[in-house]
Amino acid sequence: MKLCELFGKGRTVFTCEVFPPKKTAPVDSIYKTLDGMKDIRFDAISVTFGAGGSNVNQSTQEIAALIENQYHIPAMAHLTCVAAGREDVDRILDQLKASGVENVLALRGDANPDYPPKTDFKYASELVAYIRERGDFGISAACYPEGHLESPDMVSDVRRLKEKVDAGAQHLVSQLFFDNDDFFRFLERARIAGINVPIEAGIMPVLSAKSIQRMVSLCGASMPAKLTRILARYGDHPEALREAGIAYAIDQITDLIAGGVEGIHLYTMNNPDVAREIAKSIASIRKL
């Protein structure tokens, strides 16, 4: 099933992201994560392509195929410009099609000094267009509620996003954010610009002060005063921060669904226990 087909059925779509194991770990170690998530009944699960634009990650395709064929959940494989040239993309798409994976998240990706970037595709919109020509895939792309770090302003950022949609993106997943007003303002700008595909709000629970500060520095997400207070009060107390971080994420999701958001994309960090707590707390809310 194409991910864009999940929307418009009277309930909030709920998807999540997992990432492949480290190179030193066997790929089948992902079973523990997926076994812990199968009872959550996510509408789809995406699989990242390797941190920081690392080399072409075969395990991404393997895990996506596993999710699709063994767990019978629609899977979406990430694919990045910096890590995949035209020949890589052709091979990966052939592998995905052969294994029944219909969905791809096309990204530019972040450069990694340890791996020379591929140069066949400069922008995600170019990769989107190529995938559209190459085969019958559901194509998703990323969006940035507070603007991409390299965009000079929000107007330019929305124009770039429109290029991705015009190139063939049928569904958008947002970068993480912590202030829902930022997302709602972005959503309004996108709709005014004629971007009418489903847009999911990306939510990352705050479980570690160090990790979230690193993520914020990488993506440029702002830290509202409410979250800053939580980190200041509970940052040195892991269990307390875990509870507060989950509560903050649930509060965000509740407000987003009340505001009519079409979908929630949960950045799970491969933690099924946290994902389950959040899913249980919003189960009734999603049905309304």
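These are my notebook entries on a predicted model, covering its barrel, its helix packing and a few single residues.

**Entry 1: the barrel**

I began with the sheet. I found a closed barrel of 8 strands in the order β1-β2-β3-β4-β5-β6-β7-β8, with parallel pairing. The twist from one strand to the next averages 25°. I then took one pair for a check: strand β4 (residues 103–107) and strand β5 (residues 138–143) are joined in the parallel sense over 4 bridges. In that pair, N103 stands opposite G138 in β5.

I noted the helices lying on this part of the sheet. Helix α4 (residues 124–134) packs there and touches β3 (75–80), β4 and β5. The direction of α4 makes about 150° with that of β4. Helix α5 (residues 154–167) also packs on the sheet, touching β5 and β6 (171–176). The direction of α5 makes about 175° with that of β5.

**Entry 2: burial in α4**

Which residues of α4 are buried? I listed A124, S125, L127, V128, Y130 and I131. The spacing recalls a general point: an α-helix has 3.6 residues a turn, so residues three or four places apart point the same way. I then looked up what covers the buried residues of α4, and the cover includes β3, α3 (86–98), β4, β5 and α5.

**Entry 3: α6 against α9**

Next I looked at helix α6 (residues 180–192) and helix α9 (residues 238–258). They pack at an angle of about 30°, with their axes 10 Å apart. The angle makes α6 roughly parallel to α9, the cut-off for that term being under 35 degrees. The crossing of α6 past α9 is right-handed. On the α6 side I recorded N180, F183 and F184, which meet Q252, D255 and L256 in α9. By class, this contact has 3 nonpolar, 2 polar and 1 charged residues.

**Entry 4: α9 against α10**

I repeated the lookup for α9 and α10. Their packing angle is about 30°, and their axes are 10 Å apart. The two helices are therefore roughly parallel to each other. Their crossing is right-handed. From α9, the residues in contact are R242, I246, A249, I250, I253, T254 and I257. They meet D273, V274, E277, I278, S281, I282, I285 and R286 in α10. I counted this contact by class as 9 nonpolar, 2 polar and 4 charged residues.

**Entry 5: R276**

I stayed with α10 for one residue, since R276 is placed in that helix. R276 is partly exposed, with a relative accessible area of 30%. What does R276 contact, leaving aside its neighbours within four places in sequence? I found G36, D39 and I40. R276 and D39 are 237 residues apart along the chain, and their C-alpha atoms are separated by 8.4 Å.

**Entry 6: positive phi**

Last, I checked backbone angles. Most residues other than glycine have a negative phi. I noted H72 as a residue other than glycine with a positive phi, near 55°. H72 sits in the loop between α2 (58–69) and β3. Is H72 buried or exposed? H72 is exposed, at a relative accessible area of 63%.

I made a similar note for M269, whose phi is positive and near 55°. The place of M269 is the loop between β8 (263–267) and α10 (272–287). M269 counts as partly exposed, at 41% relative accessibility.

Notes:
Residues are numbered from 1 along each chain as its sequence is written. This is a predicted model: local features need pLDDT of at least 70, side-chain atom pairs count only at pLDDT 80 or more; totals for chains, interfaces and linings use all residues. Side-chain values use heavy atoms; hydrogens and water are left out. Axes are lines fitted to C-alpha atoms, for helices over the stretch in contact, and angles run from 0 to 180 degrees between N-to-C directions. Angles under 35 degrees count as roughly parallel, over 145 as roughly antiparallel, 65 to 115 as roughly perpendicular and the rest as oblique. A crossing is left-handed if the near helix is turned anticlockwise from the far one by less than a right angle, and right-handed if clockwise. Contact means heavy atoms within 4.5 Å. Ala, Val, Leu, Ile, Met, Phe, Trp, Tyr, Cys and Pro count as nonpolar, Asp, Glu, Lys and Arg as charged, and the others, Gly among them, as polar. Two strands pair if DSSP finds at least two bridges between them. Buried means under 20% relative accessible area, exposed over 50%, partly exposed in between (1.4 Å probe, protein chains only).
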